[in-house]
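Q: Please take a close look at the core of this model, and then at the parts around it. Which residues have the most contacts inside the largest nonpolar core?

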Amino acid sequence: YEQWEKSSIVDKDIAYMIGAMIGDGCFSKKSIILGFTNMDKDCLDNVNIGLKKWDNYYLRKINLKSGKDIQYSVRGKNIKDFEIEEYNKSTFKSTPNIILKAKFESIAAYLSGLFDTDGCCVTNTPMVELSTKSFDLAEETQMLLLILGINAIVKTQFNKKYNKNYY
């Protein structure tokens with residue numbers, strides 16, 4: 001996104017929003033809509049803060065007939081400028097270059113958004129886990145954690161139900 005390239009600093013609120021969108025969002029360059037599915041009020045509030053700073057956007061709730069999922073969308077003419085590779089398939093999600101080049105504070109905020117959406121605590125251990133179908137995202141996350149001084153490993157687990165590897 002041009003605003004980010006003009007500045008060498010990615011704001012921590014925008015970085016959090018990007019992490020959360022990578023975790024629970026979907027985006028297609030063909031449309032001008034970002035989709036987001038999440039029920040956590042703190043996460044939703046933090047995503048809205050980042051969206052507002054990014055380009056004065058906010059999440060709008062979508063009413064689904066099933067009533068099972070709570071989904072939100074962001075619409076706007078500049079949504080297509082969101083310089084993230086198309087990620088409507090979770091297998092192809094990756095960390096945007098602007099995050100890979102960011103300062104520590106923004107990397108930490110990005111990881112916070114990502115772990116808030118796709119992470120969990122492991123019971124009775126001092127560990128947290130991130131689950132993703134994207135090997136690239138798993139490796140990039142491992143590298144970002146190492147930049148912050150946190151050791152991490154990438155493990156492969158085969159999910160029989162979906163016949164896919166998860167990392």
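A: The answer starts with the core and then turns to salt bridges, aromatic pairs, a pocket and two loop residues.

This is a predicted model, in which local features need pLDDT of at least 70 and side-chain atom pairs count only at pLDDT 80 or more, while totals for chains, interfaces and linings use all residues. Residues are numbered from 1 along each chain as its sequence is written, and side-chain values use heavy atoms, with hydrogens and water left out.

The largest nonpolar core has 34 residues, and those with the most contacts inside it are Met-21, Phe-36, Val-47, Leu-51, Leu-59 and Tyr-110. At least two residues of this core come from each of helix H2 (12-24), strand S2 (33-37), helix H3 (41-55), strand S4 (71-75), helix H4 (97-100), helix H5 (104-118) and helix H6 (135-147). H2 gives the largest share, eight residues. A nonpolar core here is a set of buried Ala, Val, Leu, Ile, Met, Phe, Trp, Tyr and Cys residues joined through side-chain atoms within 4.5 Å. Buried means under 20% relative accessible area, exposed means over 50%, and partly exposed is in between (1.4 Å probe, protein chains only). Helices (H or I, at least four residues) and strands (E, at least two) are DSSP runs numbered from the N terminus.

Two of the core residues can be followed through their contacts (heavy atoms within 4.5 Å). Apart from neighbours within four places in sequence, Val-47 is in contact with Tyr-16, Met-17, Ala-20, Met-21, Phe-36 and Leu-59. Tyr-110 lies in helix H5 and counts as buried because its relative accessibility is 0%. With neighbours within four places again left aside, Tyr-110 is in contact with Ala-15, Tyr-16, Ile-18, Gly-19, Ile-22, Thr-95, Pro-96, Ile-99, Leu-137 and Leu-144. Thr-95 is 15 residues from Tyr-110 in sequence and 9.3 Å from Tyr-110 in space, C-alpha to C-alpha.

Next come the charged pairs. The structure holds three salt bridges, each defined by a side-chain nitrogen of Lys or Arg within 4 Å of a carboxyl oxygen of Asp or Glu. Asp-11 and Lys-53 meet through their side chains in one of them, at 3.4 Å, N to O. This pair links distant parts of the chain, with Asp-11 in the loop between helix H1 (2-6) and H2, and Lys-53 in helix H3, 42 residues apart. Asp-11 is partly exposed at 28% relative accessibility, and Lys-53 is partly exposed at 45%. Lys-53 also forms a salt bridge with Asp-13, at 2.4 Å, N to O. Asp-13 lies in helix H2 and Lys-53 in helix H3, so this pair ties together parts 40 residues apart in sequence.

The side chains of Lys-41 and Asp-45 form another salt bridge, at 2.7 Å, N to O. Both residues lie in helix H3, four residues apart, about one turn of the helix. Lys-41 is exposed, at 56% relative accessible area, whereas Asp-45 is partly exposed at 34%. Through shared partners, salt bridges join Asp-11, Asp-13 and Lys-53 into one network.

There are two aromatic pairs in the structure. Trp-54 and Tyr-57 make a tilted pair, 5.3 Å centre to centre with 45° between the planes, and both residues are buried. Phe-135 and Tyr-167 make an edge-to-face pair, 5.1 Å centre to centre with 70° between the planes. Phe-135 lies in helix H6 and Tyr-167 in the segment after strand S8 (164-166), so the pair ties together parts 32 residues apart in sequence. Phe-135 is partly exposed, at 36% relative accessible area. Rings of Phe, Tyr and Trp (its six-membered ring) pair if their centres lie within 6.5 Å; planes under 30 degrees apart count as stacked, over 60 as edge-to-face and the rest as tilted.

The largest pocket holds about 680 Å³ of space. Its lining has 24 residues, of which Val-128, Glu-129, Leu-130, Ala-152 and Ile-153 lie nearest the centre. H5, strand S5 (119-121), strand S6 (128-130) and H6 each give two or more residues to this lining, and H6 gives the largest share, four residues. On a 1 Å grid over the protein atoms alone, a pocket is an open set of points where a 1.4 Å probe fits, with protein on both sides within 12 Å along at least five of seven lines, and lining residues have an atom within 4 Å of a point. Grid points are joined across faces, edges and corners, and the volume is the space filled by probe spheres set on them.

Last are two loop residues. Asn-124, in the loop between S5 and S6, has a phi near 60°, a positive value in a residue other than glycine, and is exposed at 78% relative accessibility. Asn-163, in the loop between strand S7 (157-159) and S8, has a positive phi near 55° and is exposed at 57%.
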